[in-house]
Every structure is written in structure tokens, then in C-alpha cells.
Amino acid sequence: MSLVQVTEADGGSAGPASVDAEGRVDRRRLRRRTIGVGGWVGAGVLTGVLVTALIGPLTGGDPLAQNFDAILEAPSAAHLFGTDELGRDVFVRVVFGGRTALAITVVSAVVASLLGLVLALAGALYGGWVDALTSRLADVQLAVPSIVLAIVVLSFVGNSFVPIVFVLVLGSWVLTFRVIRGHARAVVQQQYVEAARVAGAGRLGIARRHLVPSVLPLLAVAFTINASSALLLESSLGYLGLGVQPPDPDWGQMVATGQAQIFTAPWIALFPGLAVVATAVGLQLLGDGLAERFVGGPVTRRGLAR
Amino acid sequence: MNRPDAPTHSDPQQKQTGKPVTHRPSVRRRPAVVVALAIAAVLATVLSACGGAAGSADTPKVGDELRLGLSRQITGINPHKGGSPDSSGSIVGSIYESLTRIAPDLSVEPGLATAWTSTDPLTWRFTIRTDSKFSDGSPLTADDVVWNFQQLLNPDYKGTSGAPLRKYLKSVTKIDDSTLQFNLSQPALDLPGRLWTIFIVQPVFAQSHNLDNEALGSGPYKLDKLDQENGATLSLNTFYAGTKPAFAHVKYTVLASEAQRVAALRAGEQDLILNLDPLDLAQFKDSDTYDTILGVGTQPLTLAINERKTGTPLADPRVRQALNYATDKTTIINSLLQGAVQPLPGQVVYEPYQPQDPSVRAYPYDPEKAKQLLAEAGHATGLTLTVALSSGTYVSQDAATQAIVAQWAKVGVTLKITQQPFPAWLQSQYGPDDAAADLYYIMWGGSFRGDVTGNFGPFRSDHIQSHLRAPEFDELTTKAQNAATEAEKTTYVNQAIENAYSQAHAIFLYPSPFTGVVSKGLEWTPKPNRYLYAQQVGRAAQP
């Protein structure tokens with residue numbers, strides 16, 4: 001199954017609840033809405049993860065430093081999260097693993113969101129074969145399970161940064177595309193867009209002045225969901241040994257390594273596992289909060305709900 | 001191809017050692033559900049981690065069905081295609097018989113053949129049993145054996161076990177119902193040993209069935225069901241002529257990851273599993289249910305070298321020697337391998353399984369010497385190399401390789417790891433030199449004492465998975481294979497060993513650790529070649 005299952009957003013709607021019929025953001029309605037407690041919790045968790053990842057290296061720890069005199073040591077003051085089978089400090093590896101995971105996740109989510117946005121706007125503006133082609137591309141992508149595609153590509157291309165980002169983008173751009181396309185198609189049928197067209201505005205002008213501002217809130221929401229999907233897929237690849245390669249730390253890879261020792265040295269898998277769960281839940285909560293504020297409902301992995 | 005891990009028996013060193021979400025309520029509940037599930041997952045992990053000791057079953061119980069764990073997926077059970085001891089090979093050897101068998105100490109012992117003699121260097125006669133029957137009740141005759149060899153000698157036959165045979169075997173003829181004559185084109189001093197992998201299948205069945213997933217042999221068991229992803233079930237061959245095995249039913253289960261193997265043992269779901277990381281054995285040491293095995297395996301682990309990549313620094317023997325000096329085998333062995341083995345003695349053969357050349361010793365750990373050699377070779381500023389790993393294939397390989405990465409970094413060599421699933425990893429070795437990795441963490445080895453082809457074949461330039469350029473080694477091993485006397489064979493083998501050492505045609509690491517966990521309810525003589533034949537597992541005597 002694809003990690004990102006998307007259905008068409010409600011094409012008959014003029015757009016998110018906080019966007020009026022002319023595509024303008026209704027700031028009064030927006031002010032009435034907040035991202036909610038969940039959203040703030042999500043934002044807090046993500047901030048914590050980001051700050052830890054950013055300042056972690058300042059602690060001077062080396063995620064690759066091996067110490068064969070201190071293998072499989074339980075958490076202690078010297079090693080907050082214990083040590084692994086090579087005597088490496090699990091805390092330091094979780095912190096540095098977060099940098100890798102977040103970098104890959106953010107880059108993948110940005111590229112996937114931009115790709116989805118561009119294809120969706122092109123489909124909405126040009127219609128006809130362009131829309132048909134982009135939609136069929138999305139259908140094809142949905143038909144191929146992301147994880148299977150990733151395994152095949154990475155097995156034979158190698159597992160450096162660019163191929164990993166490539167498979168993550170392939171696995172998650174459809175969500176943005178589907179959500180944005182449905183809304184954008186509705187907007188281009190609005191009278192004010194028609195009026196702009198009659199007044200001589202070109203497609204790019206319409207996209208810049210009307211479509212992009214209108215879809216930005218949706219894009220923000222889709223981005224968080226994309227990021228969550230990308231993080232989970234990246235962790236899955238690491239777990240399968242196809243993500244970031246050892247000895248560089250990676251959360252999924254650390255969970256896989258520690259799995260066989262879950263009964264004797266649970267800290268090896270537990271802490272990176274918790275890090276993945278916290279970050280993914282944080283992204284989901286923030287996404288739900290943003291959706292509540294901008295859209296008036298959730299943009300789930302299944303699309304824009306009405 | 002030569003199997004990456006061929007067998008060897010013996011255990012002298014038993015150290016024993018969509019649809020859119022349409023209703024609002026779910027909007028607010030979903031985060032709560034996610035959080036709850038996440039917390040539940042974490043709690044479950046922690047609770048299970050804090051759970052009881054390994055194998056908490058009350059007493060060792062082994063039922064009517066013997067449960068054996070395999071550590072690699074089954075690739076088919078064709079008796080003419082060979083197979084890894086960790087998967088297909090163990091099943092094939094329980095269903096089929098061959099003329100000879102390999103004992104735990106890697107000596108050759110009778111199988112279907114009860115005796116053999118060489119009348120001249122190119123002629124051998126084998127006396128075979130006349131009471132053997134296939135599992136359908138039909139007798140196994142001398143004609144059946146001849147038919148099997150005829151197939152394998154046909155260059156168009158798809159059974160891959162025939163390729164090495166055709167290099168030295170001209171024909172097999174029936175003298176009488178119990179005597180076969182082997183006519184060779186090259187002398188083969190170790191012919192009986194070479195024949196242990198040639199399993200005899202019933203000819204009529206073979207011509208009308210797919211031997212990759214169907215079987216009819218004369219071994220102690222017959223195949224009931226095969227699922228290559230998950231395992232196989234066997235039951236007794238009621239026509240088997242030998243000693244009746246202890247278990248009427250056998251279930252082989254594929255447990256391809258270390259975590260799967262550990263979990264299955266902790267749940268008491270398996271009676272015998274091999275290939276666990278030495279560090280993971282500790283959790284079963286005090287078990288009431290299981291005994292643990294930690295010993296020396298029969299095959300060596302090396303880093304196989306790609307010497308043929310365009311512009312590779314590994315074409316220079318000084319660089320290869322430097323990498324040998326830069327590898328601290330002892331530290332890896334004492335920590336990750338729990339002291340189970342000793343470093344390889346500068347050669348891929350070692351006692352007690354294979355005769356080793358006493359004049360060659362292990363490359364000591366000497367980072368300064370390594371730096372000096374690298375500088376002489378023009379790499380004073382360092383170099384970058386890649387090593388390919390097959391995820392989960394060899395005991396402790398991931399951690400051991402990461403230790404090597406750290407060791408080589410000290411002499412200025414950046415070693416980058418590429419993990420691949422087994423098929424992709426294998427495929428990259430078959431492919432062109434320039435597309436292959438610089439190094440492969442791999443286990444190779446012979447299956448019987450003095451097995452020149454098995455011991456040294458993978459290190460020849462002409463091996464299908466080799467990326468070596470070793471003309472002198474090739475010539476010496478060819479001479480050893482075709483030697484007419486044992487003395488001549490030993491001379492050429494030792495010269496080949498000395499050549500491989502001085503030219504450093506491999507990064508010599510250590511023998512593979514032989515590890516396993518066995519139910520106390522079983523009686524099993526450990527087989528360091530890892531072949532897990534069901535007929536060799538008995539029930540422990542009751543107190």
C-alpha cells in the first residue's frame with residue numbers, strides 16, 4: 001500500500017473555509033480559528049526536535065566514536081541513552097540521526113510540495129490534455145506502492161542523499177497535487193478569474209495573482225502531511241537497510257540494529273523509535289492544527305476532507 | 001557459480017561453546033488516536049523488553065514435529081543446482097542422497113556409495129548400495145545414478161552442479177548393478193569429496209516435474225510442502241533404506257533476520273536455529289530451554305577485492321597489503337565475536353578444517369606500516385573505497401564492517417558502506433568490474449578437507465563473482481586441482497597460498513563464527529558447516 005493515499009479534493013468547493021469566493025483569505029474568519037491545543041503541542045514537539053538536532057553538535061559528541069570497552073551499556077549519567085554494540089553513545093547518535101532525518105524529510109517535502117503545486121496549477125490552468133496527463137501520472141504513482149518503488153530504485157542506484165530524496169518525492173508529491181488541483185480547478189472557474197482572463201491576464205498572471213495566494217494555506221497543510229509521510233518512509237528505508245548507510249546514524253537504521261537486542265539492550269532501538277514517533281506525531285498534530293485553522297477541516301493523507 | 005558459503009562438516013572445536021474523511025468528529029479524535037497508538041506501541045516495546053528471560057517455557061519440550069530455523073530465503077530445491085547451507089542446501093540434503101557425504105570434521109564418508117577405489121589417476125570405481133529406494137517405492141539403481149551424471153555432463157543441461165564436473169569428468173558407466181566407473185579427463189585426487197553435492201533424483205520424475213520446487217529422492221524425508229518465502233515441511237520417506245530418523249515430521253522456517261530469529265527463540269517457536277550474532281547469544285545462556293553454541297565455522301570471512309575497476313588503487317598490491325595491516329581483527333573478534341575465533345592465518349584455509357601453510361601468518365595490526373605502504377603507493381593523502389554488504393546475511397557483519405570503517409579511517413582510508421538486499425548484492429558481483437563495489441564482505445570456502453576448488457576457486461580471476469587479476473594464483477591452483485599425487489597437490493596449494501598472501505588478493509579477516517541455539521530436548525552434534533539436516537537431529541535422552 002502506498003504510504004500516501006490520496007483522493008481528489010472536493011472540486012466543487014470554492015476552496016478552504018477561510019478563503020472567500022474570490023480567492024481572498026478571510027482574515028476575520030482566520031482570526032477566529034486557531035491551530036488548537038493539538039497544533040501547539042505538535043509545534044512544540046517539532047521545535048524541541050529541531051532545536052535538539054541543531055544544537056546537538058555543540059555538545060561535542062561524536063556519533064561515530066566507537067568504544068569497545070563500553071559496549072551495550074545501559075543508560076547512565078555518562079551515556080544518557082546507553083551505548084550500542086560498538087560502544088557508541090546512543091544519545092549522540094539519536095541527535096545526529098535527527099539532523100539527517102530532518103534534512104532529508106524537509107528537502108523531500110519541499111520538493112514534493114513544489115512538484116505537486118506546479119503540476120496541479122498547470123493542470124487547472126491549461127486543462128485538457130495537460131490536466132489529463134498530470135492526473136494520469138498521479139494515478140500511476142498511486143498504483144505503485146512507494147516502499148516497493150523505493151526498494152527497487154535504491155537497491156540498484158545506491159543509497160546516497162539524492163536517490164533517497166528522489167524516492168521520497170516520488171512517494172509523496174501526489175498528496176499535494178491532488179489537494180491543490182481540486183481547489184485550483186474550482187478557483188479558475190470563478191467569475192473573477194474569468195473577468196481577469198477577459199481583461200487580458202495571461203495564465204501565469206492568473207496563477208500568480210489568484211491561484212497561488214489562494215492555495216497557500218492548503219499548501220502549508222499538505223507540506224506537513226508530506227513531511228510526516230516522508231519521515232516515515234525514510235525511517236522505513238533506514239530500517240530495511242536502504243536509507244542512510246552506516247556508520248552514519250539514522251533513526252530507522254538504529255531501530256533495526258537494536259531490534260535483535262530489544263530484550264537485553266532495549267535502549268538501542270527504543271530511543272530512536274521514540275524520536276521517530278515524536279516527530280511524526282508532531283508533524284501530524286501541527287498539520288491537523290493548520291488544517292483546522294485554514295481549511296476548517298482536516299487534510300488527511302486521504303485528501304481534503306469536507 | 002561457486003556458492004558463497006559452501007559446507008564443511010565437523011566440529012572439532014566445539015567451543016559450545018480515501019475516501020475523504022467526511023465527518024468532523026474524526027478530525028478532532030484522530031490526533032488522539034495517533035498519540036494513543038504511539039504510546040501503546042512504545043509501552044508494548046518497553047513491557048516486552050522487560051519481559052521474562054529467554055525461552056521462558058517451563059521445560060524443554062520438543063513435539064512430534066521438529067522445528068528448524070533457516071536464516072536465508074529458499075532459492076529452490078533443485079538437487080542439481082546446489083544451495084546454501086542456510087537455506088536450500090539443508091532441505092535438499094534431507095530429501096536426497098549422494099554417493100558420498102561429509103562428516104563433521106570435513107572428512108569424506110560413504111553415502112550411496114559404500115566404497116571407492118582409483119585404478120589409475122583417470123579411472124575410479126564406486127561400489128553403490130542396491131537396497132536404496134526413492135520415496136515412491138521405486139528402487140534406486142546404478143542406471144539411475146548414471147542417468148543423473150549424464151544429465152549433468154550435458155553442457156545444455158540447466159543443473160548448475162554440472163559445470164565443475166565437466167572440467168574433469170568424461171563419463172560415468174555402469175559396470176554391474178553395484179559398480180560404477182568414473183572416467184576422468186584430469187586427475188582428481190579428491191573425487192569422492194567432489195561428488196558429495198551431486199544428489200540423485202528419480203529419472204522418470206525428473207523428466208516430468210519441475211525440480212526447482214518438487215522433489216523425489218531417496219533420502220530420509222520426502223517433501224510435503226514448499227513455500228520459498230517461508231519454509232518447507234517434510235515427512236518420513238517410509239522406503240528409506242538407512243536408519244529411521246527421530247522425527248516423523250519436520251518444519252523448516254525461514255527466519256531471514258537476526259531479530260526474527262531471536263524473537264522466534266524467545267517465543268519458544270523453534271527447536272534449533274543457527275547463525276545468531278555472538279552478542280545475542282548471551283540472552284539464551286541461562287535458559288532452561290536452550291543451549292547455545294559458539295565456535296569456529298568452516299569457512300573464512302574476507303573482504304573480496306575488486307582489482308579490475310578502471311583506475312582503482314586496489315590494483316596496487318601495496319594498497320591491498322596496507323588494508324590488511326590496517327585491519328584490527330583481534331579487537332573485532334574479542335568484542336563483537338565474543339572471542340569465538342582467531343584471525344585468519346594470512347590464508348583462506350585454516351586448521352582444523354583445512355590443511356594450512358605453516359609458513360604464512362596473519363597480517364598483524366600495524367597502522368603505521370599501513371600508512372607507509374599507502375604513502376609509497378602514492379596515497380599519502382588518503383583514498384576512498386566502497387564496501388558492499390548483503391543485509392543480514394552473515395553473522396555480525398554490519399557491526400564488524402563499521403568497526404573496519406573506523407580502523408581504516410585511522411590510516412586515511414574512507415570506507416563507504418553500501419547495504420543491499422541479497423539478490424542485488426549478488427547481482428552486482430556478477431556484473432561488470434566498473435559497476436561493482438571495491439570490496440565485498442563475503443564468506444567463501446570449501447566443503448571438505450583438501451577441497452581445492454571450493455577453498456580457492458572464488459579467489460581465482462575466472463570465478464563468476466571474482467573481480468581479481470591473479471594470473472599466478474590461477475595457474476598454481478589449476479596445477480593443484482589437477483595434481484596426480486598428494487605431495488604435488490600440497491606443493492602447489494602452498495605456493496598458491498603464499499602468492500595470495502604476498503599479493504594480498506583478499507583482506508583476510510577471520511573464520512566465520514559458528515553460532516546457534518538448540519533446544520535442550522534435542523540431541524544434535526553441531527555441524528560447523530551449518531548444514532541442518534533433519535535426519536541428524538535426535539531427541540535428548542530423558543533423565
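**Confidence, burial and salt bridges in chain B**

Modeller: This is a predicted model; chain B has a mean pLDDT of 88, and 89% of its residues reach 70 or more.

Biologist: Where in chain B is confidence lowest, and where is it highest?

Modeller: Helix α1 (residues 25–49) of chain B has the lowest confidence, with a mean of 43, while helix α9 (residues 317–325) of chain B has the highest, at 98. Over residues 1–40 of chain B the pLDDT is below 50, although this stretch has 124 contacts in the model beyond near neighbours in sequence. Residues 45–59 of chain B also stay under 50, with 20 contacts beyond four places in sequence. Where pLDDT is low, the predicted coordinates should not be read in detail.

Biologist: What makes the pairing of B:Arg261 with B:Glu258 a salt bridge?

Modeller: The closest N and O atoms of B:Arg261 and B:Glu258 are 3.3 Å apart, and the cut-off is 4 Å; the pair therefore qualifies as a salt bridge. Both residues lie in helix α7 (residues 258–266) of chain B, three residues apart, about one turn of the helix.

Biologist: Why is B:Arg261 called buried?

Modeller: Buried means under 20% relative accessible area. B:Arg261 has 4% relative accessibility, so it counts as buried. Its partner B:Glu258, at 12%, is buried by that criterion as well.

Biologist: Are B:Glu368 and B:Lys371 buried, partly exposed or exposed?

Modeller: B:Glu368 has a relative accessible area of 53%, and because the limit for exposed is over 50%, B:Glu368 is exposed. B:Lys371, at 36%, falls between the two limits and therefore counts as partly exposed. Their side chains meet in a salt bridge, at 3.6 Å from N to O. Being three residues apart in helix α11 (residues 367–376) of chain B, B:Glu368 and B:Lys371 are separated by about one helical turn.

Biologist: Why are B:Lys479 and B:Glu475 separated by about one helical turn?

Modeller: The reason is that B:Lys479 and B:Glu475 are four residues apart in helix α15 (residues 471–481) of chain B. Their closest N and O atoms are 3.3 Å apart, forming a salt bridge. B:Lys479, at 34% relative accessibility, is partly exposed, and B:Glu475 is partly exposed at 47%.

Biologist: Which residues are joined into one network by salt bridges that share partners?

Modeller: A:Asp84, A:Arg88 and A:Arg93 form one such network. Over all chains, a search of the whole structure finds 26 salt bridges.

Note on methods: Residues are numbered from 1 along each chain as its sequence is written. Chains are lettered from A and ligands numbered from 1 in the order in which they are written. This is a predicted model: local features need pLDDT of at least 70, side-chain atom pairs count only at pLDDT 80 or more; totals for chains, interfaces and linings use all residues. Side-chain values use heavy atoms; hydrogens and water are left out. pLDDT is the predictor's confidence in each residue, from 0 to 100. Helices (H or I, at least four residues) and strands (E, at least two) are DSSP runs, numbered from the N terminus. Contact means heavy atoms within 4.5 Å. Buried means under 20% relative accessible area, exposed over 50%, partly exposed in between (1.4 Å probe, protein chains only).
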